Amino acid sequence: MTEICSLSLTAVAGALQKKEISAVEAARACLTRMEATEPRIAAMLRVDAEGALARARELDAAGPDPAQTLWGVPVTVKDALSTKGLPTTAGSHILEGFVPIYDAFAVEKLRRAGAVLLGKANLDEFAMGSGTENSAYQKTRNPWNTAKVPGGSSGGSAASVAAGQCFASLGTDTGGSIRQPASFCGCVGLKPTYGRVSRYGLIAYGSSLDQIGPLTRSVEDCARVLSVIAGHDPRDGTCDPRPVEDYAAALPRNGADLKGVRLGLPKEFFGDGLAPEVRAACETAIARARELGAEPVEVSLPHTDAAIATYYIIAMAEASSNLARFDGVRYGRRAPDVKNLEELYVKSRSEGFGQEVKRRIMLGAYVLSSGYYDAYYRKAAQVRRLIRDEYLAALEQCDVLCAPVSPVTAWDLGSHAADPLQAYLMDAYTLSLNLAGLPGLSLPVGLGAESKMPVGLQLIGPAFGEARLLGIGHALERALPGIGRPAL
């Protein structure tokens, strides 16, 4: 059982197709691993062992299907994605007991590809947070050190992958919520181009920023999952209609050659505030890329300092609008013993939302209010365009941008509880990418010399340049020594 859980997704998918292991054996191995590790890391909000084993038995009865690239592979998904017949809460009490009648598009695609869904991973409530400490139900811990956060808001997904509970997980990235937990937990995470993966069935936080993507143990695994979940969906008006590439097939197979690749190094991402151990690990990886033939090029993104304010104005404004639908009338939590409609709204929302969600709703309502819209929201939208233009200009000088994912490694649980602004500042290297709508890949490049915690490097490419991004990441990953696995 332990040996199965240590395999990569690519390896286990191959073994399943060859009948070297059965779908039931793979599912049982992961469920056993969950049972052993969940008391320490609390990555999962709910585990559907009965449903997973029933699905695995169905697959075994039908036999392997080469057309189903994830046949029999156990996976988890973030609890912000709708799952038919399985409770979906977005980590909030206001959706406690809500059971969707349909699957999110990305979940639908996983099932069609033969994946076995083990359950729903924990997250910061409505994906609002950087440490998976804002969930209404439990705090997730980092498998590398259970005194540390796993990152957020997709911390449950990253922790489940890193702990060997599954072979891949789906997360969502609004301001770094796939890349940052991937960095903190030592796994690979991809935020696709906005519109590459349908948002149908995703419980929205910031509709112009949200994107669904995979968390895996390797770049090749990531490419395989992206090939499954990407594609046009007419139910999502922002979903791009262009054909899906076979991202795994496009990966380089011979050696780790980066000759001719121009790596853009944004000087703003390597300035003050970057922890020495993070800088050292990233510079070592960049030096290795240079040895493989890559050419580092210094570029500039002058509005980086404005990105945090821009992002939080836009994200909170959209959150305020999106979360207005949770009113206690149609679904989710409804306050008892109310006298009128206004009291129903107020009590249901006051009881159902946590402190961080309330904070963001209030700030979002403020920046959208009469007299402040032009001063805040309109100005932020204008700066957002400048940020995107700067990224596009920088990418004309290089093939991909290369930068740290986070200025620090995973911090101690509870250390930012009294100062939410400090946690917001930790998103400085990730959120501008969501404002620009471009793809970003996080991969582990070492352990911090002092903290002994994983350090992630992110590669940023042009819109719909995932194939190139994954190819460069794959070559670099193969050239680096690896960081091993957490000793859970």
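**Figure 1. Here is the open sheet of this predicted model, with its 11 strands and mixed pairing.** Reading across, the strands come in the order β1-β3-β2-β4-β6-β5-β10-β11-β9-β7-β8. β1 (44–47) and β8 (295–299) sit at the edges with a single partner strand each, so one side of each has no neighbour in the sheet. Direction ignored, neighbouring strands are turned by 30° against each other on average.

**Figure 2. Next comes helix α6, packed on the sheet.** This helix covers residues 155–162 and touches β1, β2, β3, β4 (168–172) and β6 (212–216). The direction of α6 makes about 165° with that of β4.

**Figure 3. This view picks out β7 and β9, a parallel pair.** Strand β7 takes in residues 262–266 and strand β9 residues 400–404, and two bridges join them. Look for Gly264, which stands opposite Leu401 in β9. As background, strands of a sheet pair through backbone hydrogen bonds, either parallel or antiparallel.

**Figure 4. Now for the largest cavity, with about 110 Å³ of space inside.** Its lining has 15 residues, and the closest to the centre are Gly129, Ser130, Gly175, Ser177 and Asp427. Sorted by class, the lining comes out as five nonpolar, eight polar and two charged residues. In total, the model has three cavities of 30 Å³ or more.

**Figure 5. The second largest cavity holds about 40 Å³ of space.** Around it you'll find Val75, Val77, Val107, Leu110, Arg111, Ala115, Val116 and Leu117. That lining splits into seven nonpolar residues, one charged and no polar ones. Which elements each supply at least two residues of this lining? They are β2 (74–78), α5 (105–112) and β3 (116–121), and α5 gives the largest share, with three residues. Two of these elements turn up in Figure 1 as well: β3 and β2 follow β1 in the strand order of the sheet.

**Figure 6. Last up is Glu390, a residue of helix α13.** The helix runs over residues 373–395. Is Glu390 buried or exposed? The side to pick is buried, because its relative accessible area is 14%, under the 20% cut-off. Setting aside neighbours within four places in sequence, Glu390 is in contact with Leu301, Pro302 and His303. Ser300 is 90 residues away from Glu390 along the chain, yet their C-alpha atoms are separated by 8.0 Å.

Definitions and conventions
Residues are numbered from 1 along each chain as its sequence is written. This is a predicted model: local features need pLDDT of at least 70, side-chain atom pairs count only at pLDDT 80 or more; totals for chains, interfaces and linings use all residues. Side-chain values use heavy atoms; hydrogens and water are left out. On a 1 Å grid over the protein atoms alone, a cavity is a set of points where a 1.4 Å probe fits but cannot get out, and a pocket is an open set with protein on both sides within 12 Å along at least five of seven lines; lining residues have an atom within 4 Å of a point. Grid points are joined across faces, edges and corners, and a volume is the space filled by probe spheres set on the points. Ala, Val, Leu, Ile, Met, Phe, Trp, Tyr, Cys and Pro count as nonpolar, Asp, Glu, Lys and Arg as charged, and the others, Gly among them, as polar. Helices (H or I, at least four residues) and strands (E, at least two) are DSSP runs, numbered from the N terminus. Two strands pair if DSSP finds at least two bridges between them. Axes are lines fitted to C-alpha atoms, for helices over the stretch in contact, and angles run from 0 to 180 degrees between N-to-C directions. Contact means heavy atoms within 4.5 Å. Buried means under 20% relative accessible area, exposed over 50%, partly exposed in between (1.4 Å probe, protein chains only).
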